[in-house]
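Open the model in your viewer and keep the selection panel at hand. The stops below say what to select and what is there.

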Amino acid sequence: MRTTALTWKRRLDAAILAWNEKVAIAMPTRPAYQQRVIDEKAELDARLTELLVFIEGNKGFVACLVDRTRMIQQERIMLKYSEILGARIASFPGADAPTTPT
């Protein structure tokens with residue numbers, strides 16, 4: 001069964017919120033470079049959510065099949081990038097691994 005865009009958004013938002021709370025509790029003061037990685041992941045996840053909502057909500061968007069295909073490729077790459085940032089963050093001392101919905 002294919003996940004709806006709203007379900008994706010809710011799952012991603014919940015995961016981001018839960019992860020941000022864990023990181024904040026685990027290590028309230030962190031080096032600036034670590035905070036930049038955390039902020040970058042949060043921004044990327046927000047943009048990924050918007051892209052997923054657009055793709056899932058506009059299935060009739062076939063005016064340009066090539067563009068839609070590129071958006072789906074972009075989604076996959078953004079998801080992989082988010083996973084890489086999450087792995088970096090998980091390696092920070094005192095941090096739990098962030099989750100990325102599947």
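The tour starts with the whole chain, then moves to two helices, their contact and their core.

**Stop 1: the whole chain**

Keep in mind that this model is predicted. Colour by secondary structure. The protein chain shows three helices and zero strands. Read from the N terminus, the order is α-α-α. The chain holds 102 residues, and 31% of them are buried.

**Stop 2: helix α1**

Select residues 5–26, which form helix α1, and pick out A15 there. A15 has a relative accessible area of 12%, so it is buried. Now add D45. The C-alpha atoms of A15 and D45 are 10.0 Å apart, with their positions 30 residues apart along the chain.

**Stop 3: helix α2**

Select residues 32–57 for helix α2. This helix has 26 residues. From first C-alpha to last, α2 reaches 37 Å, close to the 38 Å expected at 1.5 Å a residue.

Which residues of α2 are buried? Select Q34, V37, I38, K41, L44 and D45, then add L48, T49, L51, L52, I55 and E56. Look at the spacing as you rotate. An α-helix has 3.6 residues a turn, so residues three or four places apart point the same way.

**Stop 4: helix α3**

Move on to residues 65–90, helix α3. α3 also has a count to check: 26 residues. Its reach from first C-alpha to last is 38 Å, close to the 38 Å expected at 1.5 Å a residue. The buried residues of α3 are R68, M71, E75 and M78, together with S82, L85, G86 and I89.

**Stop 5: α2 against α3**

Show both helices together. Two packed helices are described by the angle between their axes and the distance between the axes. Here the axes of α2 and α3 come within 9 Å. They cross at roughly 155°. The cut-off for roughly antiparallel is over 145 degrees, and α2 and α3 are therefore roughly antiparallel to each other. Their crossing is left-handed. Colour the residues of this contact by type: 15 are nonpolar, three polar and seven charged.

**Stop 6: the largest nonpolar core**

In soluble globular proteins, nonpolar side chains tend to be buried together. What makes up the largest nonpolar core here? Select V37, I38, L44, L48, L51, L52 and I55, then M71, M78, L85, I89 and F92. That core has twelve residues in all. α2 and α3 each supply at least two of them. The most come from α2, with seven residues.

**Stop 7: two leucines in the core**

Zoom in on L51, in helix α2. Is L51 buried or exposed? Its relative accessibility is 12%, so L51 counts as buried. Draw a C-alpha distance from L51 to M78: 9.7 Å in space, for two residues 27 apart in sequence.

Step along to L52, which also lies in helix α2. L52 has 4% relative accessibility and therefore counts as buried. Draw the next distance from L52 to M71. These residues are 19 apart in sequence, and their C-alpha atoms are 9.1 Å apart in space.

**Last view**

Leave α2 and α3 on screen with the core residues shown. Both helices contribute to that core, and the two run roughly antiparallel to each other.

Notes
Residues are numbered from 1 along each chain as its sequence is written. This is a predicted model: local features need pLDDT of at least 70, side-chain atom pairs count only at pLDDT 80 or more; totals for chains, interfaces and linings use all residues. Side-chain values use heavy atoms; hydrogens and water are left out. Axes are lines fitted to C-alpha atoms, for helices over the stretch in contact, and angles run from 0 to 180 degrees between N-to-C directions. Helices (H or I, at least four residues) and strands (E, at least two) are DSSP runs, numbered from the N terminus. Angles under 35 degrees count as roughly parallel, over 145 as roughly antiparallel, 65 to 115 as roughly perpendicular and the rest as oblique. A crossing is left-handed if the near helix is turned anticlockwise from the far one by less than a right angle, and right-handed if clockwise. Ala, Val, Leu, Ile, Met, Phe, Trp, Tyr, Cys and Pro count as nonpolar, Asp, Glu, Lys and Arg as charged, and the others, Gly among them, as polar. The expected span of a helix is 1.5 Å times one less than its number of residues. Buried means under 20% relative accessible area, exposed over 50%, partly exposed in between (1.4 Å probe, protein chains only). A nonpolar core is a set of buried Ala, Val, Leu, Ile, Met, Phe, Trp, Tyr and Cys residues joined through side-chain atoms within 4.5 Å.
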